There are 2 protein chains.
Amino acid sequence: MARKTGSHSDITGPRIRDAALKLFAQQGYAAVSMRKIAAEVGVQAGALYLYTPDKQSLLFELMDGHMTDLLAAWEAEPKGDTPIAQLEAFTRFHIRYHIDRPEAVFIAYMELRNLTPKNFAIIEAHRRRYEEALENILNAGQEEGAFRLPDTRLVTMAVIAMLTGVNTWYREGGRLSRQRVERIYWRLVQRMVKG
Amino acid sequence: MARKTGSHSDITGPRIRDAALKLFAQQGYAAVSMRKIAAEVGVQAGALYLYTPDKQSLLFELMDGHMTDLLAAWEAEPKGDTPIAQLEAFTRFHIRYHIDRPEAVFIAYMELRNLTPKNFAIIEAHRRRYEEALENILNAGQEEGAFRLPDTRLVTMAVIAMLTGVNTWYREGGRLSRQRVERIYWRLVQRMVKG
DNA sequence: ATCGTATCTGAACGCCCGTTCAATTCAATC
DNA sequence: GATTGAATTGAACGGGCGTTCAGATACGAT
């Protein structure tokens with residue numbers, strides 16, 4: 001047998017990326033073989049190489065796609081014009097966006113060490129740009145006196161770590177709704193920045 | 001050749017654990033082979049099995065040891081008697097302890113999925129106990145009116161995520177000293193809990 | 001000097017890895 | 001209904017994996 005009825009390039013391609021996303025998140029890049037990914041798609045391992053040059057590219061494209069989408073989504077987000085409004089927008093956006101993509105987020109944070117140095121540098125640049133979006137808001141608020149921060153760079157890292165931490169405990173249908181989680185975290189962030 | 005001069009069980013054992021800690025943190029459990037660990041120690045792969053029953057036990061003992069030490073160190077920490085004093089003690093302790101053991105901390109957070117279900121349950125119980133140490137402080141402060149928290153469980157997770165995040169950016173000899181990092185984070189935590 | 005034993009080697013076991021590629025199958029076109 | 005070309009198989013490549021174990025080695029006790 002060779003290819004099955006109705007299988008086409010534009011269907012198999014995305015299915016491979018979906019399978020890789022799921023399996024990398026579940027078991028980790030190093031523990032997932034090309035054969036496992038192929039099995040999840042329902043195809044032989046060799047077929048994967050029609051859609052990706054190698055395993056590393058599969059990982060990189062998942063991470064690069066995630067970061068690119070994240071940055072684009074933040075650009076497109078309505079922000080308001082005061083630092084306090086922008087900080088609220090960032091806080092709520094970050095939680096909402098990350099809570100909806102637990103697998104991509106998990107991979108983006110856990111598999112950095114499995115990237116080649118070149119690919120790592122590209123992902124790091126993306127991350128840096130995203131962190132700077134927050135840092136710029138904090139700096140603006142600091143300058144105009146809306147915030148009183150001990151150290152904007154440190155507060156940037158503290159806020160992002162705190163917000164991203166939601167993904168470690170949030171479960172769909174749990175005690176708190178997304179809305180409620182968003183609101184509570186926003187209150188905490190407010191307290192952190194208000195002198 | 002067989003064993004080298006001066007090699008003894010009580011030397012090789014710890015060296016194996018040290019090598020495993022270093023390599024697991026650097027490359028991840030799945031990517032590190034028993035042969036790599038053995039090479040780091042300067043020994044053949046077979047020799048490892050005089051000191052550990054298998055690779056999984058090597059990982060588990062590192063994680064279990066780390067969590068046990070962490071809990072014991074917190075027990076032994078001078079705490080003060082008010083919730084606010086205890087919260088300061090916890091905040092400073094957490095940062096100090098974690099900043100000094102980046103490899104063990106990294107493994108404890110990243111390699112959970114590579115534990116067998118039984119071992120995972122044990123590590124999770126440890127983590128839960130540690131989280132409860134903080135949650136109890138927050139609850140006590142909430143009840144006696146020292147803190148005004150939107151949700152103690154959520155604030156517990158937020159604070160721990162924020163504090164542990166230090167390990168992602170802190171570098172020895174960087175812009176901020178440990179002392180300064182401790183102090184700034186304590187100010188942020190204070191703001192978060194004070195209504 | 002010899003022995004006993006703790007320590008370690010080196011080879012082997014069956015298995016899985018990422019990747020390549022000739023051969024095959026199927027859908028669309030003529 | 002034959003031809004074409006994209007999609008896929010299945011086998012193969014060299015290599016690394018965790019683990020076992022008989023045999024070699026060197027130290028401490030006698």
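# Helix packing and symmetry: worked exercises

Read along the sequence, chain A goes α-α-α-α-α-α-α-α-α. Keep in mind that this is a predicted model.

**Exercise 1. Work out how many helices and strands chain A has, and what its C-alpha trace spans along the principal axes.**

Solution. Start with the count: the secondary structure of chain A comes to 9 helices and 0 strands. Then take the extent: along its principal axes, the C-alpha trace of chain A spans about 70 × 40 × 30 Å.

**Exercise 2. Find the operation that lays chain B on chain A, and say what kind of axis it implies.**

Solution. Any two copies of a chain are related by a rotation about an axis and a shift along it. Here the turn is 180° and the shift along the axis is 0.0 Å, and chain B then lies on chain A with an RMSD of 0.0 Å. That is the relation of a two-fold axis. Now, which residue of chain B comes closest to that rotation axis? It's B:M162, with its C-alpha at 2.3 Å. Last step, the surfaces: 100% of the interface residues of chain B are also interface residues in chain A, so the copies meet through the same surface.

**Exercise 3. Describe how α3(A) packs on α6(A): angle, handedness and contact residues.**

Solution. For two packed helices you want the angle between their axes and the distance between the axes. Helix α3 covers residues 55-76 of chain A and helix α6 covers residues 117-143 of chain A; their axes come within 10 Å and cross at roughly 20°. Angles under 35 degrees count as roughly parallel, and α3(A) and α6(A) are therefore roughly parallel to each other. As for the hand, α3(A) passes α6(A) in a left-handed crossing. The α3(A) side of the contact includes A:F60, A:M63, A:M67, A:L71 and A:W74, while the α6(A) side includes A:I122, A:I123, A:Y130, A:A133 and A:I137. Sort the contact by class and you get 11 nonpolar, 4 polar and 4 charged residues.

**Exercise 4. Do the analysis again for α3(A) with α5(A).**

Solution. The axes of α3(A) and α5(A) are 10 Å apart, and the helices pack at an angle of about 110°. The range for roughly perpendicular is 65 to 115 degrees, so α3(A) and α5(A) get that label. The crossing of α3(A) past α5(A) is left-handed. On the α3(A) side, the contact is made by A:L59, A:M63 and A:H66; on the α5(A) side, by A:A104, A:V105, A:I107 and A:A108. By class, that's 6 nonpolar, 1 polar and no charged residues.

**Exercise 5. Switch to chain B and classify the packing of α7(B) with α9(B).**

Solution. Helix α7 (residues 152-164) and helix α9 (residues 178-193) of chain B have axes 11 Å apart and pack at an angle of about 165°. That makes α7(B) roughly antiparallel to α9(B). Their crossing is right-handed. From α7(B) come B:A158, B:V159, B:M162 and B:L163, and they meet B:Y185, B:L188, B:V189 and B:M192 of α9(B). The class count for this contact is 8 nonpolar, no polar and no charged residues. Recall B:M162 from Exercise 2: that's the residue of chain B closest to the rotation axis.

**Exercise 6. Locate the salt bridge partner of A:R178 and place both residues in the fold.**

Solution. Over all chains, the structure holds 28 salt bridges. In one of them A:R178 pairs with A:D100, the closest N and O atoms being 2.4 Å apart. Next, place the ends: A:R178 is in helix α9 (residues 178-193) of chain A, and A:D100 sits in the loop between α4 (83-99) and α5 (102-110). With the two residues 78 residues apart, the pair links distant parts of the chain.

Note on methods. Residues are numbered from 1 along each chain as its sequence is written. Chains are lettered from A and ligands numbered from 1 in the order in which they are written. This is a predicted model: local features need pLDDT of at least 70, side-chain atom pairs count only at pLDDT 80 or more; totals for chains, interfaces and linings use all residues. Side-chain values use heavy atoms; hydrogens and water are left out. Copies are superposed by least squares on the C-alpha atoms of residues with pLDDT of at least 70 in both. Contact means heavy atoms within 4.5 Å. Axes are lines fitted to C-alpha atoms, for helices over the stretch in contact, and angles run from 0 to 180 degrees between N-to-C directions. Helices (H or I, at least four residues) and strands (E, at least two) are DSSP runs, numbered from the N terminus. Angles under 35 degrees count as roughly parallel, over 145 as roughly antiparallel, 65 to 115 as roughly perpendicular and the rest as oblique. A crossing is left-handed if the near helix is turned anticlockwise from the far one by less than a right angle, and right-handed if clockwise. Ala, Val, Leu, Ile, Met, Phe, Trp, Tyr, Cys and Pro count as nonpolar, Asp, Glu, Lys and Arg as charged, and the others, Gly among them, as polar. A salt bridge is a side-chain nitrogen of Lys or Arg within 4 Å of a carboxyl oxygen of Asp or Glu.
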